[in-house]
Amino acid sequence: LALGVGAYAAAIFHLFNHAFFKALLFLGAGSVNHATGTFDMREMGGLRKSMPWTYGTFLVASLSIAGIFPLAGFWSKDEILAHAWSNNSLVSQMVFWIALTAVFMTAFYMFRALIMTFHGEFKGGAKTASGSHDSHSAHPSDPPKVMLIPMLALAIPSVLSGYISNPLFSL
């Protein structure tokens, strides 16, 4: 989209930022799968208390991909939307409104995933062939350090990488 409206620098900047929070979301999904034995969000719920580090990093990534200020995703999405808005062509104006709609859709599905996975009551995790819940998923917990450290390492640039293009202070 950014390339289509001529925002070449913003496109690369968003690709750079997107790598951090999207990778963090994939690692968070892996952490939850490791704890529950399933990728089915209908079998999850209530993981916030038993997986606080995973919840925190997943929340950071969700806020960033949704474009919430002041996280990295806000800065790069804002650059793209601003470029589309500032062009006076009909196509750019249409692209702006389509992109803004996509921003809200992204926020919706990310918070749906966050709420279904981490809030409410725990639903037991993976089910066995007989329909009962798998015994290993009865007590989910945060992953071991080998999984948690990369998640924490990606959470930092998911918050701060937007300031590369938009520094807080000028030197």
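**Exercise 1. The salt bridge**

Task: In this predicted model, find which side chains meet in a salt bridge, and sort each partner by its exposure.

Solution:
- Step 1. Start with the pair itself: D40 and R42 are joined through their side chains, with 3.0 Å from N to O. The cut-off for a salt bridge is 4 Å, so this pair qualifies.
- Step 2. How many salt bridges does the rule give? The count is one.
- Step 3. Now take the exposure of each partner. D40 has a relative accessibility of 24% and is therefore partly exposed, since that class lies between 20% and 50%. R42 reaches 58%, so R42 is exposed.

**Exercise 2. The overall picture**

Task: Describe the secondary structure of the protein, its order along the sequence and its dimensions.

Solution:
- Step 1. Count the elements: the protein has six helices and zero strands. Reading along the sequence gives α-α-α-α-α-α.
- Step 2. Along the principal axes, the C-alpha atoms occupy a box of roughly 60 × 40 × 20 Å.
- Step 3. What share of the 171 residues is buried? The answer is 41%.
- Step 4. Finally, look at sequence separation. Take the contacts between residues at least 6 apart in sequence: 75% of them link residues at least 24 apart.

**Exercise 3. Helix α1 and its two partners**

Task: Work out how α1 packs against α4 and against α3, and which residues make each contact.

Solution:
- Step 1. Begin with α4. Helix α1 spans residues 8-36 and helix α4 spans residues 72-86; their axes lie 9 Å apart, at an angle of about 155°. The two helices are therefore roughly antiparallel. Their crossing is left-handed.
- Step 2. List the residues in this contact. From α1 come A10, F13, H14, N17 and F21, while α4 supplies A72, G73, W75, S76, K77, E79 and I80. Sorted by class, the contact of α1 with α4 holds six nonpolar, four polar and two charged residues.
- Step 3. Turn to α3, residues 52-65. The axes of α1 and α3 come within 9 Å, crossing at roughly 145°. Here, too, α1 passes its partner α3 in a left-handed crossing.
- Step 4. On the α1 side, the contact with α3 uses H18, F21, K22, L24, L25, G28, A29, S31 and V32; on the α3 side are T54, T57, F58, A61, S62, S64 and I65. The classes are eight nonpolar, seven polar and one charged.
- Step 5. Compare the lists. F21 of α1 takes part in the contact with α4, and F21 also appears in the contact with α3.

**Exercise 4. From α4 to α5, by way of T106**

Task: Characterise the packing of α4 with α5, then place T106 in the picture.

Solution:
- Step 1. Geometry comes before residues here. The axes of α4 and α5 are 8 Å apart and the packing angle is about 155°. That value is why α4 counts as roughly antiparallel to α5.
- Step 2. K77, L81, A84 and W85 of α4 meet S92, Q93, F96, W97, A99, L100, V103 and T106 of α5. This set contains eight nonpolar, three polar and one charged residue.
- Step 3. Is T106 buried or exposed? With a relative accessible area of 12%, T106 is buried. T106 sits in helix α5, residues 90-118.
- Step 4. Leaving out neighbours within four places in sequence, T106 contacts I65 and K77.

**Exercise 5. A cis bond and its surroundings**

Task: Locate the cis peptide bond and trace the contacts of F69 and Y163.

Solution:
- Step 1. The cis bond connects F69 and P70, with omega at about 5°. F69 belongs to the loop between α3 and α4, and P70 lies in the loop between α3 and α4 as well.
- Step 2. F69 has a relative accessible area of 53%, so F69 is exposed. Beyond residues up to four places away in sequence, F69 touches F74 and W75.
- Step 3. F69 and V159 are 90 residues apart along the chain, yet their C-alpha atoms are separated by 9.6 Å.
- Step 4. Next is Y163, in the segment after α6 (145-160). At a relative accessible area of 19%, Y163 is buried, because the limit is under 20%.
- Step 5. Which residues does Y163 touch, not counting those up to four places away in sequence? They are P70, W75 and L168. W75 is thus touched by Y163 and also by F69.

Technical notes. Residues numbered from 1 in each chain as written. Predicted model: local features only at pLDDT ≥ 70, side-chain atom pairs only at ≥ 80, totals over all residues. Heavy atoms only, no water. Buried < 20%, exposed > 50% of the residue type's maximum accessible area, 1.4 Å probe, protein only. Axes fitted to C-alpha atoms, helices over the stretch in contact; angles between N-to-C directions. Helix = DSSP H or I, 4+ residues; strand = E, 2+ residues; numbered from the N terminus. Parallel < 35°, antiparallel > 145°, perpendicular 65-115°, else oblique. Left-handed = near helix turned anticlockwise from the far one by under 90°. Contact = heavy atoms within 4.5 Å. Nonpolar A, V, L, I, M, F, W, Y, C, P; charged D, E, K, R; others polar.
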